[in-house]
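Q: Please give a close account of one part of this model, the open sheet of six strands. I should like to know in what order the strands stand and which helix lies across them, and then how other parts of the model are built.

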Amino acid sequence: MTHYQTEPADIRWTEGRPASPRFEDHYWAIGDPSEEKAFVFPGQHDLAARWQTKQHFTIVELGLGFGHNFLATAEAFLKAKPSGILHYFAVEQFPISRETLDQYWRSRGHPLYERMIETYPDLIANWFTVWFHPSIRLIYVFKDANQALPEMEAAVDAWYLDGFKPATNQAIFNPFVYQQVARLSKPGATVSSFSVAASLRQGLSASGFTVTKRAGFGNKRELLFAANSGTWKPTNCEHLEDEPLVIGSGLAGIGVSEALDRYGIRHQLIASTSHTGASCQPAYNVYPQLSLVPDTRANFSLAAHYFVRQHAANFNEQPLYWRSLDQTRHDRMNRLSELLPVSLMRVDGDAVLFPTAGTLKPQDPEITPRHVTRIIERGQGWEVLFDSGEGIEANTIILATGAATPSFLPWSMKTIRGQSMTIRCDEELPDLYSGDFGLSRLSPNEYLVGSTYALDDEGIDVRESDVQTLKQRLLSHFSTAEITPIAHHTGLRAAFPDRMPGFGESLTHQRVLQEDHRLERSLEGGLRVQSAISKGEREGTSEVRFFAAIGFGSHGGTHASLAGESVAEMIAGAPRALPRSMRDKFRPDRFDPSRG
Ligand SMILES: Cc1cc2nc3c(=O)[nH]c(=O)nc-3n(C[C@H](O)[C@H](O)[C@H](O)COP(=O)(O)OP(=O)(O)OC[C@H]3O[C@@H](n4cnc5c(N)ncnc54)[C@H](O)[C@@H]3O)c2cc1C
């Protein structure tokens, strides 16, 4: 077992009832599990009454198991037709395999089970977010609760503690977890569990909950119900005074815009038609970027690859063959394939196959064409000025300006020129290929071949030397291919020094602008985000917010959708679907010199 993969649940079936030898316990009591689970979990929280208003309602379940609680809750939510959004964190350290789950639910039947199977992630120790339904966001957290809960940022309304019996599962039932439950709970948040063990009752009481025993299901005498101190109030969906302004309509701007749409947040998307961004390709190869140890970057890439498959408009899933003639790269990829589930990547002949890779062919979004020359902070919001001399005001700005970002803010970024070409080739080439170069089929005999990589080069001219480089790479893999270049595409990628994207809210720009000497330097350098207010005036203007989604380097196709989701959930006031440490690592202002 590797660090990437989770240990799957070990299940023993006796008389149609599953048990876990590890936890010396059954997954449910004798009888109909759906009825028992619906009674003990969604049945205890007065959900229909609490779902009346337009709100973010957050449930955390510890112990997803077969998914009974989630399916029952989702079904009840859809039946209640509330106007808000249900965010459901399903924490599970030993997930059941997709095959077992499918077999189980196929024989039982449930109106929503197919969607669960369809969205069920590979068994990798990570967080995976999916909009299960336009009003239900499901976050699978395949992690130990002790690691997962400290990473969560959410205002939780209800908890389902469904992780076997406390005596054999102290990984869930322990004082640290109870403290985390208290930390994340809203006033009046509710908890239910099938167990009334003294340790659980005492633990929750010590964390500030009022614990009661209620009548249990069937022949079980009791169940546990607990309520946090204070009065429960709904977390209303953020009411935004004005429409957020997304600047930039490349893959990052599209990712943010699609995510804002999912939250029903009206916004404006503006972009310069005179700026050649990186998103100028007819297609983008999409597959996760991995490392030999599952670090933050690789985990983000896995989560982003999962997300883009579920949500990006015009994503076409198809197998990608990765092959390199460089022995070191070849060996590394082979080693990686041993660490990950075969459903994600596996050795296939002399290549590595990514069965769930694909291509993204985004359509041009509807934009308002505007070239932004200056962004000025005023007391009540941002004033965004255009080269036409006009301007507009906005409280919330999302900068998605790719390689143009350093002209707005003093954030260290690298510019990387790239060139690719569309070719005609009558010989059959793979539909999707990567490694020493990228290849994707655009039509029966046309392919996109990419791409060159020139650091600190800002030229966007088409270069014959790049055409020759691409030709040679292609011919070194497919020597008999006769190709005719028919179009060329150049663009400028933008990357941070650590090669990781930057997304989320920028907090340091305020500090930068507050310091007069910095402001002067900004003006001298021609930087275009400025402040026209003093520190005192800024206080009380917390509605004024500045976000960014930038630095996607060579992987915007895979990473921009989830980054957009992360930005949109912050604007919407929803719980965060990525672990806190990951979001900290990807802060867009992490290379702001003023952070020290
Ligand atoms: C040749 C090449 C091949 C590539 N192949 C792949 C691939 O196969 N798979 C993959 O995942 N990635 C690939 N990439 C990388 C991918 O293209 C980028 O990661 C992605 O496009 C970055 O998107 P972005 O939105 O951050 O930036 P950009 O696409 O650069 O968008 C920036 C936006 O900001 C706007 N803007 C800038 N300045 C202003 C201003 N002053 N006022 C208003 N608007 C402004 C621009 O008009 C543009 O809309 C490739 C890149 C290149 C160059």
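A: In this predicted model, the six strands of the open sheet follow the order E21-E14-E13-E25-E34-E32, and their pairing is mixed. The edges are taken by strand E21 (368-369) and strand E32 (502-505); each has a single partner strand, so one side of each is left without a neighbour in the sheet. Strands of a sheet pair through backbone hydrogen bonds, in either a parallel or an antiparallel sense.

At the E32 edge, the partner is strand E34 (residues 545-550); the two run antiparallel and are joined by four bridges. Within this pairing, Phe503 has Ala549 of E34 as its bridge partner. Helix H9 (residues 251-262) lies across strand E13 (245-247), strand E14 (268-271), strand E25 (396-399) and E34. The helix runs at about 160° to E13.

Another open sheet has three strands in the order E15-E20-E16, with antiparallel pairing. Here strand E15 (284-286) and strand E16 (315-317) are the edge strands, and each has a single partner strand, so one side of each is left without a neighbour in the sheet. From one strand to the next, the twist averages 25°. Three bridges link E15 with strand E20 (residues 358-360) in the antiparallel sense. In this pairing, Asn285 stands opposite Thr359 of E20.

Turning to open space, the second largest pocket holds about 490 Å³. It is lined by 39 residues, of which Tyr27, Gly63, Asp162, Gly163 and Phe164 are the closest to its centre. Strand E3 (25-26), helix H1 (33-40), strand E4 (55-62) and helix H3 (68-80) are the elements that give two or more residues to this lining. H1 gives the most, with three residues. By class, the lining of the second largest pocket comprises 18 nonpolar, 10 polar and 11 charged residues.

Helix H3 also takes part in an aromatic pair. The model has a count of 31 aromatic pairs. In one of them, the ring centres of Phe70 and Tyr88 are 4.9 Å apart and the planes stand at 70°; planes over 60 degrees apart count as edge-to-face, so this pair is edge-to-face. Phe70 belongs to helix H3 and Tyr88 to strand E5 (residues 85-91), so the pair ties together parts that are 18 residues apart in sequence.

Beyond E5, the loop between this strand and helix H4 (98-108) contains Ser97. Leaving aside neighbours within four places in sequence, Ser97 is in contact with Tyr120 and Leu123. Ser97 and Glu7 are 90 residues apart in sequence, while their C-alpha atoms are 9.9 Å apart in space.

Two details of the backbone complete this account. Asp46, in the loop between H1 and helix H2 (47-50), has a positive phi of about 55° although it is not a glycine. The peptide bond from Gly450 to Ser451 is cis, with omega near -20°. Ser451 is placed in the loop between strand E29 (446-450) and strand E30 (454-455).

Conventions: Residues are numbered from 1 along each chain as its sequence is written. This is a predicted model: local features need pLDDT of at least 70, side-chain atom pairs count only at pLDDT 80 or more; totals for chains, interfaces and linings use all residues. Side-chain values use heavy atoms; hydrogens and water are left out. Two strands pair if DSSP finds at least two bridges between them. Contact means heavy atoms within 4.5 Å. Axes are lines fitted to C-alpha atoms, for helices over the stretch in contact, and angles run from 0 to 180 degrees between N-to-C directions. On a 1 Å grid over the protein atoms alone, a cavity is a set of points where a 1.4 Å probe fits but cannot get out, and a pocket is an open set with protein on both sides within 12 Å along at least five of seven lines; lining residues have an atom within 4 Å of a point. Grid points are joined across faces, edges and corners, and a volume is the space filled by probe spheres set on the points. Ala, Val, Leu, Ile, Met, Phe, Trp, Tyr, Cys and Pro count as nonpolar, Asp, Glu, Lys and Arg as charged, and the others, Gly among them, as polar. Rings of Phe, Tyr and Trp (its six-membered ring) pair if their centres lie within 6.5 Å; planes under 30 degrees apart count as stacked, over 60 as edge-to-face and the rest as tilted.
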